[in-house]
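Reader: I should be grateful for a close look at a single part of this structure, together with the elements that surround it. Please give one connected account.

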Amino acid sequence: MQITAAVVNERSGPFVIDTLDLCEPRADELIVRVVASGMCQTDLHGRDGYFPSPYPAVYGHEGAGVVHAVGAAVRGFAPGDHVVMSYPWCGDCANCRQSRLNYCLNGRALKMGGTRADGSTLLSRNDAPVYGAYFQQSSFGTFALTQARWAVKVRNDAPLELLGPLACSGQTGAGAVLNVMQPDAGDSIAVFGVGAVGLSALMAAKIAGCDPIIAVDVHAHRLALARELGAAQAIDHKTCSDVVGEIRKITDGGVRYAVETSALPAVFREAIESLLPGGTCILLGSARKGTDVSLEMPFLQQGRVVRGVVQGDSLPKEFIHKLVDLVVDGKFPIAKMIKFYDLADINRAADESTAGITIKPVLRMPH
Ligand SMILES: [Zn+2]
Ligand SMILES: [Zn+2]
C-alpha cells in the first residue's frame with residue numbers, strides 16, 4: 001500500500017515528505033494507521049549516523065494508532081483496536097528467555113538495523129529499497145508495520161495522540177523509578193536533565209511520594225515545568241556554580257536516588273556525587289560509543305550503586321497499560337510536555353527539540 005512518510009535520504013540530511021510503498025503484513029505482523037508519533041533524540045541520532053544503519057531511511061519509534069490490517073496468524077488484535085508500538089526483542093536469546101526483553105541481545109540490530117531480522121525491507125520507492133524498520137516500526141509515516149508481539153493494545157477511551165511517547169521516553173523515565181528504584185515515600189531524588197525522559201522520571205517520583213524532588217537543568221522553562229509537575233527545588237545548572245553542594249544542602253547530605261539523562265560525563269559524575277552513601281544513580285542518557293567517565297573509587301565503596309537502565313526495565317504489555325491508566329487519571333500529565341506538529345513540519349520539530357525549546361515533539365499524521 002502507498003503511504004506518506006518522512007524520509008532521510010542521506011546522513012544528516014533533512015526529512016523529506018515522500019510517497020512510499022509499504023509491504024503486506026506477514027502472518028505475525030500488524031499494519032497500524034499511525035495517528036501520532038513522538039520524536040525522540042534517538043530518531044535524530046539515526047538521522048545523523050550514530051548507528052550503522054543505511055539510507056534512505058524512515059525513523060520514528062513512538063507510534064500510536066489504530067490497527068488497519070492483521071496478518072493471518074495474529075491473535076488478540078483486530079482492525080480498529082487502539083495500539084501503542086513499543087520496542088522490539090527477539091524472543092530467543094539468553095535475556096529474552098528470562099523475560100528481560102529490554103536487554104535482548106539482538107535488540108540493537110532489531111532497532112537500528114534498518115530491516116526485519118531476516119534482512120528484508122518494509123518500504124520501497126520506485127521499487128528501490130527504503131530502510132527503516134526503525135525499532136521495527138518506523139512511525140514517521142501514515143502507516144507502519146510491526147509484529148503483534150511488540151504492539152500494546154490500549155483502552156479506547158484514552159487520548160490516543162498523547163500515548164506514543166509512552167513507548168520510549170515515558171516508560172524509560174517512569175520505569176527507571178517505578179520498576180528499578182521502587183522508592184519509598186519520603187525518599188529524596190534528584191533528576192539531572194528534565195527533558196521528556198527526566199520529566200517522566202519526575203512524574204513517577206511524584207506518584208511514588210518521593211520528597212524532596214530536585215530538578216537540575218539549563219533551560220528555565222523546563223525547570224518551571226518540573227516545578228509544576230512536582231519538583232520542590234529547581235537548580236539552574238547555568239547559574240549554579242556548585243550543583244552537588246546545593247543538593248547536599250537541600251537534602252542534609254545527599255539524595256537517596258539520582259537520575260541522569262543528559263549523557264554528559266561531567267553531569268553524570270555530579271549525579272553520582274550528589275548521592276548519600278548507599279544511594280543509587282541510574283544513567284538514562286544516551287551517550288555516544290566511546291564516551292568515558294571517571295569516578296572516585298572510595299566514593300563507590302560507600303555502597304553507592306551506579307547502573308544504566310534501558311526502556312525502564314519494563315515489559316511493555318504490562319507497564320504501558322499502567323501508564324495509560326495514570327494518564328487517564330491525570331496522574332501522569334504527559335500532555336504538559338508535548339507540542340504537536342504536522343508531519344510536514346517535522347524538520348522544525350527536530351530543530352526546536354534540539355534547541356531545547358520543545359520538550360517532546362509529537363507529529364500528527366495526515367489522513
Ligand atoms: Zn532477545
Ligand atoms: Zn526513544
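**Helix α4 and its surroundings**

Author: The model discussed here is predicted. The account starts with strands β3, β4 and β5, and then turns to the metal site, the open sheet, helix α4 and one residue after β17.

Three bridges connect β4 to β5, a strand made up of residues 82-85, and the two run antiparallel. Within this pairing, Gly 65 of β4 faces Val 83 of β5. On β4 (residues 62-70) there is also an antiparallel pairing with β3 (residues 29-38), held by eight bridges. There, Gly 38 has Glu 62 in β4 as its bridge partner.

The zinc ion (ligand 1) comes next. Its protein donors are the SG atoms of Cys 90, Cys 93, Cys 96 and Cys 104, at 2.3 to 2.4 Å from the ion. The angles among the four donor atoms run from 103 to 118°, and the site is tetrahedral. Along the sequence, the donor residues of the zinc ion (ligand 1) follow the spacing C-x2-C-x2-C-x7-C. Cys 93 and Cys 104 both lie in the loop between β5 and α2 (107-112), so this pair ties together parts that are eleven residues apart in sequence. Both Cys 93 and Cys 104 are buried.

The open sheet provides the setting for the helix. It has six strands in the order β12-β11-β10-β13-β14-β15, paired in parallel. The edges are formed by β12 (233-236) and β15 (305-308); each has a single partner strand, so one side of each is left without a neighbour in the sheet. From one strand to the next, the twist averages 15°. Inside the sheet, β13 and β14 (residues 275-283) run parallel and are joined by five bridges. Tyr 257 has Thr 280 in β14 as its bridge partner. Helix α4 packs on this sheet, where it touches β10, β11 and β13, and its direction makes about 170° with that of β11.

Helix α4 itself can now be examined. It comprises 13 residues, 196-208; at 1.5 Å a residue these should span 18 Å, and the end C-alpha atoms are 18 Å apart, which agrees. The helix is mostly covered, with eleven of its 13 residues buried. Among them are Val 197, Leu 199, Leu 202 and Met 203, as well as Gly 198, Ser 200 and several alanines, including Ala 196 and Ala 208. What do the buried residues of α4 pack against? Their partners are the helices α3 (169-181) and α5 (220-228), together with β10 (189-192), β11 (213-217), β13 (255-260) and β17 (360-364). Just after α4, Gly 209 adopts a positive phi of about 85°.

Strand β17, one of the elements packed against the buried residues of α4, leads to a final residue. Met 365 is found in the segment after β17. Is Met 365 buried or exposed? Its relative accessible area is 8%, below the 20% cut-off, so Met 365 is buried. Setting aside neighbours within four places in sequence, Met 365 is in contact with Val 34, Val 35, Ser 37, Ser 139, Phe 140, Gly 141, Thr 142 and Leu 343. Between Met 365 and Ala 73 there are 28 Å in space, C-alpha to C-alpha, and the two are 292 residues apart in sequence.

Conventions: Residues numbered from 1 in each chain as written. Chains lettered and ligands numbered in written order. Predicted model: local features only at pLDDT ≥ 70, side-chain atom pairs only at ≥ 80, totals over all residues. Heavy atoms only, no water. Pairing = 2+ DSSP bridges. Helix = DSSP H or I, 4+ residues; strand = E, 2+ residues; numbered from the N terminus. Expected span 1.5 Å × (residues − 1). Buried < 20%, exposed > 50% of the residue type's maximum accessible area, 1.4 Å probe, protein only. Contact = heavy atoms within 4.5 Å. Donors = N, O, S within 2.8 Å, 3.2 Å for Na, K, Ca; no water. Tetrahedral: all angles 85-135°; square planar, octahedral: opposite > 155°, others 65-115°. Axes fitted to C-alpha atoms, helices over the stretch in contact; angles between N-to-C directions.
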